[in-house]
Structures are given as C-alpha cells and as structure tokens.
Amino acid sequence: MSVSLPALASENIRVTYAGSMGKVMDQALGPAFAQQQKGEYQGQGQGAYGMARLLASHKITADVFVSITPGPMQILKDAGLIDNAVPIASTSMVIAYSPKGKYAAEFAAANKKQDGSWLNVLATPGLQFGRTDPYLDPKGQNIVFTLLLAEKYYQKPGIADQVMGSVQNPRQVNLEGGLLTRLDSGQVDAAAGYESEVISARLPYVKLPDEINLSNPQMAKQWYDNVSFTIKDSKGQDKVLHTQPLVYYAAVLKNAPDGVAQGQKFVDFMLSAQGQKLLQANGYASPKGNALY
C-alpha cells in the first residue's frame, strides 16, 4: 500500500515578477529574505501579462507572483490559482533617457521646463524610443495611455502617433527585461519607464505631471478614464484597453512548489518595515488602495 506523505516545508522561495522589478527583487528583497530564512531565492521576471499567462497555463511555477496593475492578477484569478492579491508598492510613469545619448541635454532641459517639450524631443525624426509590448506587459500599455493623455493635457493632437508610429510598432517594442540595459548602453535614446525602476537603475528621466503619469487615483475620473486604445490579441481579435492604477500587487499561488505558507512569508516580508525600506530605497512609493478580490 502506498502512502501519500505531505511535502516537507521548504525555506526556499521562487518569485515570478513584473520585469521592471528585476533589481529590487534580485538584489534586495530576494537575498534579504533568503538570508532571513536561511534558504535560497530564485527570481524570474518579464512582462507581467506574459508571465501571468505562463503561470496560468502551468508552463512555469512559482510561489509568489508580483505584478503591476490588477490586469495580470485577474488572469491568475480566472485560472483558479490565487484567491487575492495585496498592494505592496506603487509608482508612476516617466520618460527615461540615455545619459550617453545625443538627446540627453534636450531631455534635461525639458525636465526643467515641465512644459511638455519632452514630447517634441520624443517625436524627433531618427530618435530611437524603446517601449514594451502592450499585449505582454502593463508598462507597454501604460506608456500608450501616458502619450494619449499628454496629447490632451498639452493640447498637441496627433503627437502620440508621431512618437509611436503605431501602438504595436515592432521597431520600438522590446522585451521588458533588457530595455533599460539597452538605454543605459546607448542602444536607444529614450524609453518608457516606471519611476521606481529608473531610480533603481540610476538613469536620468523626465518627471511627468499627475494628470498623465497614472500614479494618482484621484485623477482617474477627470483624466485617466478618458483614454483607451485597441490592440490585437493572440487570436487577432480587437481588444479595447483602459487605464489601471500603477500599483504593485503580490499573490501567493495555490500550486506554490515551496508551499503556500512559505509564499505567504515572502508577501509578509515585502509588507514588513524591512521590506518597505528596501522597496523605498530602490525608488518605490508606498502601497495604495485595497487588496484585490
């Protein structure tokens, strides 16, 4: 007769996260938690929608998933893999630029003026602008929203199309994990970024007003909710996208290979004084809003 024994508790942790969190996860939160638990940390980051779909289809496994915006979490909720997701940090959209690039002085000047002239710089013919795929990554969606909002806020109709070419322009779309590295090395002149990751990477950036940076829930009805756009999904069907708050959420997966209890310990660690200190030291703002579901 075979007897099924409960899995031994593990002190290790596997975290799948939004690619923009690479530095804070792999160099701060993960190692600190592993040291505290006397175990090992394993992290994997890429576009949050793409990672959520891989987890939902059981092509990869993790103890904890950390996403920006609620959308990727809904994929896991629909797949029956999570019960809830809690806010652990927040951020805002910015335009990062290469300190080695030929447009660095123009972006720096635009940042001081705060008059929308950064849009004119971005629209310069020949400038290499990097962003992520709006189908795979929330940040890829959020920069489109930001540019559409900037058109309205600065009264520059049509400039979003001048900057992007098209919503899913393959000449601009990069994989999440390597975008800021390409920016830092000068392969692209400017890139869409979250303030948190750009600060972590110690790159210069143009700070944007609350009306367009998607950080302020109080701006939702007046500004954010007034823009939307359409993309093609994996089946070629049109899908209309709407803005979501730039909040980072964490959830423990029900099929956590190292155990649900261990996953919960990591989520609790991110919310602890030590975890929040590490997040804020890497440019992240405090959590906003309530738990999902």
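Student: Which exposed residues does the face of H4 turned away from its buried side carry?
Tutor: This is a predicted model. In helix H4, residues 104–113, the buried residues are Ala 104, Phe 107 and Ala 110. They cover an arc of only 125 degrees around the axis, which puts them on the same side of H4. The face turned away from that side carries Ala 105, Lys 112 and Lys 113.

Student: What covers the buried residues of H4?
Tutor: The buried residues in question are Ala 104, Phe 107 and Ala 110. Their cover includes both strands and a helix. Among the covering elements are E5, helix H5 (117–122), E8 and E9.

Student: Which residue follows H4, and what is the sign of its phi?
Tutor: H4 spans residues 104–113. The residue that follows is Gln 114. Its phi is near 50 degrees, so to speak of sign: positive.Student: In what order do the strands of the open sheet stand?
Tutor: The sheet has 5 strands with mixed pairing. Strand E7 (173–174) and E9 stand at the edges, each with a single partner strand, so one side of each is left without a neighbour in the sheet. The order is E7-E6-E8-E5-E9.

Student: How many bridges join E6 to E7, and which residue is the bridge partner of Thr 132?
Tutor: Strand E6 covers residues 129–132. E6 and E7 run parallel and are joined by 2 bridges. In E7, the partner of Thr 132 is Asn 174.

Student: What angle does the direction of H6 make with that of E8?
Tutor: H6 packs on the sheet. It touches E5, E6 and E8. Its direction and that of E8 make an angle of about 110 degrees.

Student: Are the residues on the two faces of E5 buried or exposed?
Tutor: Strand E5 runs over residues 93–97. One side holds Met 93, Ile 95 and Tyr 97, and the other holds Val 94 and Ala 96. Both faces are covered, and these residues are all buried.

Student: In which sense does E5 pair with E8, and which residue of E8 is the bridge partner of Ala 96?
Tutor: E8 covers residues 190–194. E5 and E8 pair over 5 bridges, in the antiparallel sense. Opposite Ala 96, the bridge partner in E8 is Ala 191.

Student: Which residue of E9 does Ile 95 stand opposite?
Tutor: E9 covers residues 205–207. It pairs with E5 over 3 bridges, in the antiparallel sense. Ile 95 stands opposite Val 206.

Student: Which helix gives the most to the largest nonpolar core?
Tutor: This core has 87 residues. Those with the most contacts inside it include Met 21, Met 25, Phe 107 and Trp 118. The helix that gives the most to this core, with 7 residues, spans 22–37: H1.

Student: Which residues does Met 25 touch, beyond those up to four places away in sequence?
Tutor: Met 25 is among the residues with the most contacts inside the largest core. Val 66 and Met 270 are also on that list. Leaving out residues up to four places away, Met 25 touches Val 15, Tyr 17, Gly 30, Pro 31, Tyr 41, Val 66, Phe 266 and Met 270.

Student: How far apart in sequence are the parts that the salt bridge of Asp 258 and Arg 14 ties together?
Tutor: The closest N and O atoms of Asp 258 and Arg 14 are 3.4 Å apart. Asp 258 lies in the loop between strand E12 (247–252) and helix H11 (260–271), and Arg 14 lies in strand E1 (residues 13–18). The pair therefore ties together parts separated in sequence by 244 residues.

Student: Is Asp 258 buried or exposed?
Tutor: Buried means under 20% relative accessible area. Asp 258 has 10% relative accessibility. Asp 258 therefore counts as buried.

Student: Which helices does the salt bridge of Glu 197 and Lys 139 tie together?
Tutor: The closest N and O atoms of Glu 197 and Lys 139 are 2.6 Å apart. Both residues are buried. Glu 197 lies in residues 195–200 and Lys 139 in residues 138–153, so the pair ties together H9 and H6.

Student: Is Asp 238, the salt-bridge partner of Lys 232, buried or exposed?
Tutor: Lys 232 and Asp 238 meet at 2.8 Å, N to O. Lys 232 is partly exposed, at 44%. Asp 238 has a relative accessible area of 55%, and exposed means over 50%. Asp 238 is therefore exposed.

Student: How far apart in space are Lys 288 and Pro 87, C-alpha to C-alpha?
Tutor: Lys 288 lies in the segment after helix H12 (273–281). Residues that it touches include Pro 87, Ser 90 and Val 247. Lys 288 and Pro 87 are 201 residues apart in sequence, and their C-alpha separation is 6.5 Å.

Definitions and conventions: Residues numbered from 1 in each chain as written. Predicted model: local features only at pLDDT ≥ 70, side-chain atom pairs only at ≥ 80, totals over all residues. Heavy atoms only, no water. Core = buried A, V, L, I, M, F, W, Y, C linked by side-chain atoms within 4.5 Å. Buried < 20%, exposed > 50% of the residue type's maximum accessible area, 1.4 Å probe, protein only. Helix = DSSP H or I, 4+ residues; strand = E, 2+ residues; numbered from the N terminus. Contact = heavy atoms within 4.5 Å. Pairing = 2+ DSSP bridges. Salt bridge = Lys/Arg side-chain N within 4 Å of Asp/Glu carboxyl O. Arc of directions from axis to C-beta. Axes fitted to C-alpha atoms, helices over the stretch in contact; angles between N-to-C directions.
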